[in-house]
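Let's take a walk through a protein model, looking at its spaces and at how its helices pack. Keep the picture open and follow along.

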Amino acid sequence: MMFIVIHQATELWLKLVTFETRLAMRHIAADDLGPAFKALARVARIQHVLIESWQVLSTMTPTDYLTFRSLFGSASGLQSSQYREIEFLLGRRSIRYVDMFDGDNRARLENTLAAASLYDEALLLLERRGLLVSVDRDWSSEHEPSDEVTDAWLAVYLDPARHWDLYELAEKLVDVEHAFSRWRYEHYQTVHRIIGSKPGSGGTSGLGYLKRALDFVFFPELWAVRTRL
Ligand code: HEM
């Protein structure tokens with residue numbers, strides 16, 4: 001019961017995360033940053049609820065888990081189209097995940113990949129403010145970290161008073177990324193204590209797969225700028 005409730009509750013919160021992220025993106029595109037900040041703050045609060053929910057799941061022992069493991073076969077978190085949609089919305093562009101979905105879920109993921117991400121919207125805003133020359137790329141391809149983008153964020157961080165709204169946007173994005181990686185880490189740790197190093201139900205190596213996912217960064221230049229300051 002606990003396993004089912006946590007998965008269902010998480011999916012419901014993820015639905016709100018996709019909604020608020022899309023709302024923030026529309027407001028950024030319209031140069032209306034106040035409401036975008038509100039939506040991103042809400043996303044980060046929801047992420048903290050999700051991080052905390054690992055506390056409940058981690059009361060499950062390996063023995064508890066084995067009492068029902070045979071019931072769900074190869075079902076896996078990999079099948080969460082909303083999780084993937086959020087990764088895509090934030091800026092990850094790994095098209096290989098789309099193949100495991102069909103119907104409406106697949107169409108939603110394909111449409112998300114074909115459009116600008118949240119990070120792209122932030123970069124387009126930097127372009128409109130004259131801090132970036134041109135953000136012209138195929139939205140469906142992975143964002144390549146660039147010195148030009150780091151320089152643009154550097155200008156913002158070196159003079160927050162002049163670029164306050166961009167500075168606030170940058171920190172809101174870092175809040176979301178920070179919380180996302182904490183969620184991934186809690187997932188990794190919980191999986192470690194429940195199934196050890198067994199392969200995942202979805203056919204991956206399990207811990208090894210989740211560990212590699214910890215390295216993924218949505219907003220690389222916002223982390224690089226910290227080293228440059
Ligand atoms: C007993 C608890 C859990 C275990 C043992 C577990 C294990 C795993 C493993 C091993 C993977 C790698 C893919 C695979 O081979 O299946 C995975 C992926 C995933 N799990 Fe869990 N998980 C648990 C609970 C949860 C919960 C509560 C959620 C939230 C809804 C969740 C969401 C996900 C997602 C979204 C992925 C895909 C991650 C990615 O591709 O980066 N998992 N899980």
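**Spaces, iron and helices**

The residues around the largest cavity sort into 11 nonpolar, 3 polar and no charged. Before going further, keep in mind that what you're looking at is a predicted model.

So how do you find a hole inside a protein? Rolling a probe the size of a water molecule over the atoms shows where empty space is left. Searching the whole structure for cavities of 30 Å³ or more turns up 1. The largest cavity has a volume of about 130 Å³. Which residues sit closest to its centre? Out of the 14 that line the largest cavity, they are Leu-14, Gln-47, Leu-50, Ile-86 and Phe-180. As for the elements, α1, α2, α4 and α8 each give two or more residues to this lining.

Now for the pockets, which are open. The largest pocket has a volume of about 1,100 Å³. It is lined by 44 residues, and the closest to its centre are His-7, Ser-76, Gly-77, Leu-78 and His-187. Several helices supply at least two residues each to the lining of the largest pocket: α1 (2–29), α2 (33–57), α3 (62–66), α4 (81–90), α8 and α9 (207–214). By class, this lining has 22 nonpolar, 15 polar and 7 charged residues.

Let's stay with one of those central residues, His-187. Find it in helix α8, which covers residues 164–195. The ligand has an iron atom, and which protein residue acts as its donor? The only one is His-187, through its NE2 atom, at 2.2 Å. That puts the iron's protein donor among the residues closest to the centre of the largest pocket.

The second largest pocket has a volume of about 160 Å³. Its lining includes Leu-123, Leu-132, Val-135 and Val-149, along with Asp-136, Arg-137, Glu-142, Glu-144 and Glu-148. Ser-134, His-143 and Ser-146 line the second largest pocket too. Sorted by class, the lining has 4 nonpolar, 3 polar and 5 charged residues.

Time to look at the helices themselves. Two packed helices are described by the angle between their axes and the distance between the axes. Start with α1 and α4, which pack at an angle of about 20 degrees with their axes 9 Å apart. Angles under 35 degrees count as roughly parallel, so α1 is roughly parallel to α4. The way α1 passes α4 is a left-handed crossing. Both helices also give residues to the lining of the largest cavity.

Next, go back to α8, the helix that holds His-187. How do the axes of α8 and α9 cross? They come within 10 Å and cross at roughly 165 degrees. Angles over 145 degrees count as roughly antiparallel, so α8 is roughly antiparallel to α9. The crossing of these helices, α8 and α9, is left-handed.

Finally, bring in helix α6, made up of residues 118–128. The axes of α6 and α8 come within 12 Å and cross at roughly 165 degrees. That angle makes α6 roughly antiparallel to α8. Here again the crossing is left-handed as α6 passes α8.

Notes. Residues numbered from 1 in each chain as written. Predicted model: local features only at pLDDT ≥ 70, side-chain atom pairs only at ≥ 80, totals over all residues. Heavy atoms only, no water. Donors = N, O, S within 2.8 Å, 3.2 Å for Na, K, Ca; no water. Helix = DSSP H or I, 4+ residues; strand = E, 2+ residues; numbered from the N terminus. 1 Å grid on protein atoms, 1.4 Å probe; cavity = no way out; pocket = protein on both sides within 12 Å on 5 of 7 lines; lining within 4 Å. Points joined across faces, edges and corners; volume = space filled by probe spheres on them. Nonpolar A, V, L, I, M, F, W, Y, C, P; charged D, E, K, R; others polar. Axes fitted to C-alpha atoms, helices over the stretch in contact; angles between N-to-C directions. Parallel < 35°, antiparallel > 145°, perpendicular 65-115°, else oblique. Left-handed = near helix turned anticlockwise from the far one by under 90°.
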